[in-house]
Amino acid sequence: MKTVALIVAAGKGERMGGALPKQFAPLAGRPMLAWSYAALLAHPAIDEVLVVVGEGHEPLLRSALPGARSTIGGATRRESVRRGLDALREADRILIHDAARPFISADVIDRLLAALDEADGAVPVLPVADTLVAANGANVPRDGLSRVQTPQAFRFATVRRAHADWSGDEATDDAQMVRVLGGSVALVQGDAMLEKVTWAGDLSAAEARIGWETRTATGYDVHRLAEDEELWLGGVRIPHTHGLSGHSDADVALHALTDALLGTIAAGDIGLHFPPSDPQWRGAESGQFLQHAAGLIAAKGGQITFVDLTIICEAPKIGPHREAIRIRIAELLRLSPDRISVKATTTERLGFTGRSEGIAAQAAATIRLPGVRV
């Protein structure tokens, strides 16, 4: 049984304001649309995800979701859904979701799909908890009333025919159209995390609903000192009689810090991403390795909160260059310098560093990752 998902992201989001349509606005480090897209794509029962975007929004989608399949929507939500249905190949079941509801749980998807065994459609709902009043101030009974959310699930052929046969006013949702056709629509338990983002303040409220996981990892690296080499430490060229030898610029400090960042997301080590056997990295500036690791964290919606670096050597003295190193690392990571700690120590002339045969560095990095529910 083939199941597809359709994300409607063709609106202008004018009520929220801002420079970007709300579906592309940043939410906890990544575009709002990326949250629901990732949740739908990750569900084992969903085979394909299609995004419907507004005309002219294709560059925004490519930036937010590289490689995502898409089609162009229409002037109304109903027209956008219809165009999405036309762009999809045959399927048995479909989930139709609004991009303005970023947080979808697997449990809601499971309940919706299970309901399709008996019904033509299924929608998630929550009870109305607030007292309701009419325009004249009279109380409206809330018994039997529910708030409807998305995604809404349907038998594909049924919802496609409902759109093809529709001749009424603009429908508020797809379930309404299926009911007019005579189809049955089941109500399943919704989720408070599916609240819709409409106004500017809703974006902050949505971010507050995210649970955050804090992670810390360490990195360590060593390079030998050699004549006729430049000495780079923490992205700063330091005058010295010897430099560090390595396949790249051998910046032992940035290499240790890169490994620490990669460790926070269990992404291996620097050699996995930039193999010494690859000639393209010969003499390469290590700052790009650090930024690559930071980019992988950002792609997961993560935020680097603090890094700590210790350089271990007898010479040169790190103190005169400490501030320059802090500032350079802050620039590379786009952090405030007060989130960068740089220290130096010796081994009291013991070991290879004590004999000035090489320089070692150890680093620790702390990040936070979104998406852990509380």
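Arg-349 lies in the loop between S18 and H12, and in this predicted model the backbone there does something a bit unusual for a residue with a side chain to show off. Phi of Arg-349 comes out near 65°, a positive value in a residue that isn't glycine. As for its surroundings, Arg-349 has 62% relative accessibility and so counts as exposed, the cut-off for that label being over 50%.Next door in the chain sits Glu-348, which is found in the loop between strand S18 (340-345) and helix H12 (351-354). Phi of Glu-348 is positive too, at about 55°, although Glu-348 is not a glycine. With a relative accessible area of 64%, Glu-348 is over the 50% cut-off and therefore exposed.

The peptide bonds have something to add as well. One cis bond joins Thr-150 to Pro-151, with omega at about 15°. Pro-151 belongs to the loop that runs between strand S10 (146-148) and strand S11 (152-155).

A cis peptide bond is also found between Ala-315 and Pro-316, and here omega is about 5°. As for where that is, Pro-316 sits in the loop between strand S17 (303-312) and helix H11 (322-333).

Put together, the picture is one of loops: Pro-151 has its place between two strands, S10 and S11, while Pro-316 comes between strand S17 and helix H11. Glu-348 and Arg-349 both lie in the loop between S18 and H12.

Key
Residues numbered from 1 in each chain as written. Predicted model: local features only at pLDDT ≥ 70, side-chain atom pairs only at ≥ 80, totals over all residues. Heavy atoms only, no water. Helix = DSSP H or I, 4+ residues; strand = E, 2+ residues; numbered from the N terminus. Buried < 20%, exposed > 50% of the residue type's maximum accessible area, 1.4 Å probe, protein only.
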